Amino acid sequence: MRHAAERRWQTFALPALALAALIMPGAAFAQQPSRDSPGRDSTELSIELVDPKVLRVCADPHNLPFSNEKLEGFENKLAELFARKLDKSLAYTWFPQATGFVRQTLGSHRCDVIMGFPQGDDLVQSTNPYYRTAYAFIFKPGSDLEGIDTLSDERLKTKRIGIVAGTPAATYLAINGLLARAKPYALMVDTRVDSSAEAMIRDLKSGEIDVGILWGPMAGYYARAENGTIRVVPLLKDSGGPQLSYRIGMGVRGGDQNWKRQLNRLIQENQPEISRILIGFGIPLLDEKDQPITEESLTKKP
């Protein structure tokens with residue numbers, strides 16, 4: 001998973017990228033603090049954090065369902081939750097999720113946390129994971145693809161398959177001899193003006209492709225917007241190629257040990273609420289046994 005953090009979803013999912021010539025740092029965006037939850041003593045964090053009184057988040061301004069400047073993404077909602085729990089105000093440093101993102105934000109001490117970061121990369125120190133998800137099929141309900149759950153399924157040999165070029169799932173298409181039937185979508189896009197996920201959804205609806213493969217959060221979010229006309233099936237059974245499921249935590253600087261411990265406590269104490277936010281965005285959540293985490297399963301837990 002080398003270089004995954006710097007390019008974030010290039011490795012794991014549909015990218016939130018801008019062309020190098022267009023990358024410009026954005027101004028911080030601040031909100032007024034909420035006071036509905038007692039805060040924690042931030043004295044021990046005064047050296048580690050830019051401002052102990054402010055939750056300063058590093059984020060992409062055009063990257064739904066994760067984040068945007070209108071604060072509509074699920075990472076925006078998680079940041080709001082954590083700011084309330086910490087009794088802090090909330091501010092953003094905006095920068096496209098492209099090469100240089102970590103260096104220009106977290107690494108430059110312009111902000112203190114990246115709200116979503118895959119475990120296993122050495123560019124940042126990861127907190128404990130707060131969700132696990134996987135790449136997923138998207139297709140129309142009622143088609144002859146009902147029941148499909150693996151990229152080795154024989155039915156795919158007669159289907160037009162949408163795939164984001166360069167993602168792990170594309171390797172499985174090559175392994176299974178399916179690249180000739182694939183329609184590639186760009187890995188690197190300027191998300192201010194383009195979206196490979198939205199393009200794939202449009203092509204699926206029009207019949208240009210029969211099935212698509214997207215990173216789970218993207219698949220779930222865009223399928224949810226289609227009100228049940230697109231089915232999402234996580235890819236959990238394929239082996240022999242790159243990993244298709246990942247644990248996602250938060251990213252902090254390598255030396256920020258007290259800050260990491262505080263975030264870990266917040267994740268542990270608020271996991272059900274965190275999961276409900278994600279479920280509300282259609283994110284297909286998985287437990288460690290590859291079973292789906294749903295609102296119903298959360299309600300049943302003691």
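1. A welcome first term: a residue is buried when its relative accessible area is under 20%, exposed when over 50%, and partly exposed in between (1.4 Å probe, protein chains only). By that rule, buried residues make up 54% of the 302 residues in this chain. Please keep in mind that this is a predicted model, in which local features need pLDDT of at least 70, side-chain atom pairs count only at pLDDT 80 or more, and totals for chains, interfaces and linings use all residues. Residues are numbered from 1 along each chain as its sequence is written, and side-chain values use heavy atoms, with hydrogens and water left out.

2. For the overall layout, the chain has 10 helices and 15 strands. These are DSSP runs numbered from the N terminus, with helices (H or I) of at least four residues and strands (E) of at least two. A contact here means heavy atoms within 4.5 Å. Among contacts in the chain with a separation of 6 or more, 74% come from residues 24 or more positions apart.

3. Strand E11 is a good place to start looking. It covers residues 211-215, and 5 of its 5 residues are buried. Strands are said to pair if DSSP finds at least two bridges between them. E8 pairs with E11 in the antiparallel sense over 4 bridges, and Ala-136 stands opposite Leu-214 of E11. Strand E9 (residues 161-164) pairs with E11 in the parallel sense over 3 bridges, with Ile-163 opposite Ile-213.

4. Which two residues touch the most other members of the largest nonpolar core? They are Phe-137 and Ile-213, in a core of 75 residues. The largest share of this core, 7 residues, comes from H3. Such a core is a set of buried Ala, Val, Leu, Ile, Met, Phe, Trp, Tyr and Cys residues joined through side-chain atoms within 4.5 Å. Setting aside residues up to four places away in sequence, the contacts of Phe-137 include Ile-148, Leu-151, Val-211, Ile-213 and Val-233. There is also a second, separate core of 9 residues, with Phe-95, Phe-101, Leu-106 and Cys-111 among them.

5. Do have a look at Thr-133 in strand E8 (residues 131-139). Thr-133 counts as buried because its relative accessibility is 0%. Its C-alpha lies 5.5 Å from that of Leu-286, although the two are 153 residues apart in sequence. Beyond residues up to four places away, Thr-133 touches several others, including Trp-215, Pro-217, Tyr-246, Pro-284 and Leu-286. A polar atom of the Thr-133 side chain lies 2.7 Å from the backbone oxygen of Pro-284. For reference, a polar contact is a pair of N or O atoms within 3.5 Å; within protein, one must be able to donate a hydrogen and the other to accept it, and residues adjacent in sequence count only if both atoms are side-chain atoms.

6. Is Arg-253 buried or exposed? Arg-253 is buried, because its relative accessible area is 9%. It is found in the loop between strand E13 (245-252) and H8. The Arg-253 side chain reaches two backbone oxygens: that of Leu-106 at 2.9 Å and that of Cys-111 at 2.8 Å. Apart from neighbours within four places in sequence, the contacts of Arg-253 also include Glu-48, His-109, Asp-112 and Gln-125.

7. The aromatic rings deserve a visit too. Searching the whole structure finds 9 aromatic pairs. Rings of Phe, Tyr and Trp (its six-membered ring) pair if their centres lie within 6.5 Å; planes under 30 degrees apart are stacked, over 60 edge-to-face, and the rest tilted. Phe-74 and Phe-281 have ring centres 5.9 Å apart and planes at 70 degrees, so this pair is edge-to-face. The pair links distant parts of the chain, 207 residues apart: Phe-74 is in helix H3 (residues 74-86), while Phe-281 is in the loop between helix H9 (271-280) and strand E14 (285-286). Both residues are buried. They belong to one aromatic cluster with Phe-66, Tyr-130, Tyr-131, Tyr-221 and Tyr-222.

8. Finally, helix H9 has Ile-274, Ser-275, Ile-277 and Leu-278 as its buried residues. These cover an arc of only 155 degrees around the axis (taken from the directions from the helix axis to the C-beta atoms), so they sit on the same side of H9. An α-helix has 3.6 residues a turn, so residues three or four places apart point the same way. The cover over the buried residues of H9 includes H3, E8, helix H8 (257-269), E14 and helix H10 (295-300). Just after H9, Gly-282 takes a positive phi of about 85 degrees.
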